Amino acid sequence: MNKQTLSHIGELIVRKRKVLKMSQDELAHECGISRKAMSNIERGKSLPSLPVFEGIAQALGMDGSELYKEIEDLGLIDDFYRDRNDI
């Protein structure tokens, strides 16, 4: 996954968080990670693990598959999260 893709995923998370009027600190707390880790995700510096991704989705009022589908529909997902055995 390239840096631009990570950045777009982070931007989507930021937009959804702001719609909910949630601070970065609140979202991080809901996901059980540090604010710095959330900042890195939102700035496209790191990709969340699947459990953290699921936590982000739930904190944003969605389930992981809904958030994944939205990211995929925007063309931002490659095979990073997909099981290589399914290909």
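This passage describes the nonpolar core and the salt bridges of a predicted model. Residues are numbered from 1 along each chain as its sequence is written, and side-chain values use heavy atoms, with hydrogens and water left out. In this predicted model, local features need pLDDT of at least 70 and side-chain atom pairs count only at pLDDT 80 or more, whereas totals for chains, interfaces and linings use all residues.

The largest nonpolar core (buried Ala, Val, Leu, Ile, Met, Phe, Trp, Tyr and Cys residues joined through side-chain atoms within 4.5 Å) has 20 residues, and those with the most contacts inside it are Ile13, Leu27, Ile56, Leu67 and Ile71. Two or more residues are given to this core by each of helix 1 (3-19), helix 2 (24-31), helix 3 (35-42), helix 4 (50-59) and helix 5 (64-73), helices being DSSP runs (H or I) of at least four residues, numbered from the N terminus. Helix 4 supplies the largest share, five residues.

Three salt bridges are counted, each requiring a side-chain nitrogen of Lys or Arg within 4 Å of a carboxyl oxygen of Asp or Glu. Glu70 pairs with Lys16 at 3.2 Å between the closest N and O atoms, and this pair links helix 5 to helix 1 across 54 residues. The side chains of Glu42 and Arg17 meet at 2.7 Å, N to O; Glu42 lies in helix 3 and Arg17 in helix 1, 25 residues apart in sequence. Both Glu42 and Arg17 are buried (under 20% relative accessible area, with exposed over 50% and partly exposed in between, for a 1.4 Å probe and protein chains only). Asp73 and Lys69, whose closest N and O atoms are 2.8 Å apart, both lie in helix 5, four residues apart; Asp73 is exposed at 54%, while Lys69 is partly exposed at 45%.
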